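Trainee: Please take me through a close look at a single part, namely chain B. I would like to begin with its interior and end with the side turned to its neighbour.

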Amino acid sequence: MEFKDYYEIMGVKKDATQDEIKRAYRKLARKYHPDVSKEADAEKRFKEVGEAYEVLKDPEKRAAYDQLGANYKAGEDFRPPPGWDQGFEFHGGDFTGADASGFSDFFEQLFGRGFSYGGGGAAQGNREFHARGNDTHAKILIDLEDAFHGANKTMTLKHTELGPDGRPQINERALNVRIPKGVRQGQHLRLAKQGGAGIGQGEAGDLFLEIEFRPHPLYKVEAKDVYLDLPLAPWEAALGAKIKAPTPTGPVDLKIPPNSKASKKLRLKGKGIPGKPPGDFFVVLQIALPPADTEAAKQAYREFEKAVPFNPRAHLGV
Amino acid sequence: MTKQMMDLLSGDVLEDNLEITLAELCQICRVPAERVFDLVEEGIADPLGQDPRHWRFQGISVLRVRCALRLENDLGINAAGAALALDLLDEIESMRTRLSRLENLG
């Protein structure tokens, strides 16, 4: 088991005052709160900080931890010496607020598991205990095309469960999920009773699945609208043209009006993500220049210059 | 190894045109109605209908209420603070989406 340096996690000195510890905790909790932070390991950091604070905010636990931790560094292999907590009095039940179910083995070794899984009190004596399982949250990665047609997706979820020995263990579970047509990035699918298992006869919690689109090589998505960058040859943009453009539901014929400019948007109404009402499909025009890498191409550019007097910087006054 | 057939799970998309009652909202979010009243007062959930017995919430209220409760619980802020945070988070999210589309213009 690794020794955890709670002072390092909180970014405070070993002799920090209780007020300094509280301020550091508030700041880190805001920074790493999983609902607020976009950092990939936010949830892990948030739990770590919560665990560190659980110990350091309580003078009794802190004093015991200080005595024990004097000779250890973060990450070092750690075994608590037998009877290490003798002479310290812990007033039980002060797991205030923090969700203790994410605390580390290190914490449990030192301070025990004065909490239960599933949000209720631990089973006491012979009384039977029932509690509804935890609600869980996960992301499911889908393709934009799945949102256009609907799809069935298989995914694997890792989740923590109490094993036969009463210790939490990580299990894998495969799910086959119906992705409804018209879902959008960041939306949530609630799968009733697919969350954490209940305790006793308590029913399972719910699973909240957040939809995430895999980045698409052609399209960008904003809410229910879909965008495509469409390159044109200079003569197509200047003279107008009939061209083909891809869409998630198949190629379409597009009429490019004469004298079209770069970054002009053409809207195909209702061709975005399906729904009531459906989103739109936007074609954003780009003008691609043919490279002047042959004598013929260079000659053509020179003739173009002669034929069409043009100063693209006229409006800059130079 | 035998191939195990898995049941196909389907659920509600909370952001869609899903409507739920106060009782359903309380049950899904595991909160007493009194807590929901506080959050409605701050505009975190915005029900249609005159009195609580006839309130209809949009599905997205589930997410907003759950998020507000987590923020209150974890960061020690009140319902007004949570309402402000939720509105700002929504705004940041839509700006992020916009930015990532515009940054990728060829």
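Mentor: What follows goes from one helix of chain B, through its cover, to the contact with chain A. The model is predicted, so local features are reported only at pLDDT of at least 70 and side-chain atom pairs only at pLDDT 80 or more, while totals for chains, interfaces and linings use all residues. Residues are numbered from 1 along each chain as its sequence is written, and chains are lettered from A, with ligands numbered from 1, in the order in which they are written.

Consider helix H1 of chain B, which spans residues 22-29; helices here are DSSP runs of H or I with at least four residues, strands are runs of E with at least two, and both are numbered from the N terminus. Its buried residues (20 or more other C-beta atoms within 10 Å of their own, against 12 or fewer for exposed ones) are Leu22(B), Leu25(B), Ile28(B) and Cys29(B). Seen down the axis of H1(B), these buried residues fall within an arc of 135°, taken from the directions from axis to C-beta atoms, and so they line one face of the helix. Ala23(B) and Gln27(B), by contrast, lie on the other side of H1(B) and are exposed.

The buried residues of H1(B) are covered by elements that include two strands, E3 (19-20) and E4 (57-58) of chain B, and two helices, H2 (33-41) and H3 (60-75) of chain B. After H1(B) comes Arg30(B), a residue with a positive phi, near 55°.

Helix H3(B), part of that cover, also leads us to the partner chain, since among the elements of chain B that touch chain A H3(B) gives the most, with seven residues. The whole contact, counted between residues whose C-beta atoms lie within 7 Å, takes 26 residues from chain B and 29 residues from chain A. Besides H3(B), the elements that give two or more residues to this side of chain B are strand E1 (8-9), strand E2 (12-13) and helix H4 (79-103) of chain B.

Strand E2(B) deserves its own remark: E2(B) and strand E4 of chain A (residues 188-191) pair in the antiparallel sense over two bridges, at least two DSSP bridges being what pairing requires. Within this pairing, Leu189(A) has Val13(B), in E2(B), as its bridge partner. Chain B thus offers two things to follow on the screen: the buried face of H1(B), and the side that touches chain A, with H3(B) as its main contributor.
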